[in-house]
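Take a look at the model below. We will walk through it step by step, from the whole chain down to single residues.

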Amino acid sequence: MQKLFCSCIVVLLMLSGCDDGSIVTVYDKSIKTTPIECLRVSIMPQDKQIEKSIKSLYSFKDVCNYSLNITYKSSIVCNSPYDAAQKNLSAFPNSYLNMEIRKGMNLEYSYYIDLQHKPNSQDIQKGWQQITKDLDIKLDIKGE
């Protein structure tokens, strides 16, 4: 059974070779049909470039039930000998970007992508475009 599962994962990875590698997870299906009137934003760790990028795309509120939580990490080093072959044969990711929509403390939606560079404004914009494509976010905002 485990071999079948692993084989399915490998086939799915090969078939998804043309996508951007992002992973979208909807934890609460009702979020796809519920209009989101406003969002707060939280960025961890703090980063002025990421903050400027996301705030240029949407007018965030200080008080709102829904929040966009952006987390990232860069310069990740993996010393595991099990990954040595993959690191040598491919562009092994050393960063990630995670953008989550939460209602209160409940995780409703997640956009995650592995990167080979520190997340930049293009990565933020790409993630935001995916979020607004998937969810009904009221765009009374800058530039849209």
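A contact here means heavy atoms within 4.5 Å. Keep that in mind for the fold as a whole. Among contacts in the chain between residues at least 6 apart in sequence, 62% join residues at least 24 apart.

This is a predicted model, so how confident is the predictor? The mean pLDDT of the chain is 80. Of its residues, 70% reach 70 or more. Residues 4-18 are another matter: over this stretch the pLDDT is below 50. Beyond near neighbours in sequence, the stretch makes 0 contacts in the model.

Now for the overall plan. The chain has 4 helices and 5 strands. Follow the sequence and you meet them in the pattern α-β-β-α-β-α-β-β-α. The chain has 144 residues, and 31% of them count as buried.

Next, the aromatic rings. A pair of aromatic rings is described by the distance of the centres and the angle of the planes. How many aromatic pairs does the structure hold? There are 4. One of them joins Tyr58 and Phe60. Their centres are 4.9 Å apart, and their planes meet at 65 degrees. That makes the pair edge-to-face. Both Tyr58 and Phe60 are buried.

Tyr58 has another partner, Trp128. Here the ring centres are 5.4 Å apart. The planes stand at 55 degrees, so this pair is tilted. Why tilted and not edge-to-face? Edge-to-face needs planes over 60 degrees apart. Where do the two residues lie? Tyr58 is in the loop between helix 2 (48-55) and strand 3 (66-73). Trp128 is in helix 4 (residues 121-134). The pair therefore ties together parts that are 70 residues apart in sequence. Trp128 is buried, and so is Tyr58. Put the pieces together: Tyr58, Phe60 and Trp128 form one aromatic cluster.

Phe60 also leads us to a pocket. Phe60 is one of the residues that line the second largest pocket. This pocket holds about 170 Å³ of space. Its lining is made of Arg40, Val41, Ser42, Ile43, Gln46, Glu51, Lys55, Phe60, Lys61 and Asp62. Which elements give two or more residues to this lining? They are strand 2 (40-44) and helix 2. Strand 2 gives the largest share, 4 residues. Sorted by class, the lining has 5 charged, 3 nonpolar and 2 polar residues.

Stay by strand 2 for a moment. A cis peptide bond joins Met44 and Pro45. Its omega is about -10 degrees. Pro45 sits in the loop between strand 2 and helix 2.

Finally, turn to Leu107. This residue lies in strand 5 (residues 106-115). Is Leu107 buried, exposed or in between? Its relative accessible area is 24%, so Leu107 is partly exposed. Buried would mean under 20%. Which residues does Leu107 touch, leaving out those up to four places away in sequence? They are Tyr27, Glu100, Ile101 and Arg102. Look at Tyr27 in particular. Leu107 and Tyr27 are 80 residues apart in sequence. In space, they are 6.7 Å apart, C-alpha to C-alpha.

Notes:
Residues numbered from 1 in each chain as written. Predicted model: local features only at pLDDT ≥ 70, side-chain atom pairs only at ≥ 80, totals over all residues. Heavy atoms only, no water. Phe/Tyr/Trp six-rings, centres within 6.5 Å; stacked < 30°, edge-to-face > 60°. Buried < 20%, exposed > 50% of the residue type's maximum accessible area, 1.4 Å probe, protein only. 1 Å grid on protein atoms, 1.4 Å probe; cavity = no way out; pocket = protein on both sides within 12 Å on 5 of 7 lines; lining within 4 Å. Points joined across faces, edges and corners; volume = space filled by probe spheres on them. Nonpolar A, V, L, I, M, F, W, Y, C, P; charged D, E, K, R; others polar. pLDDT = per-residue confidence, 0-100.
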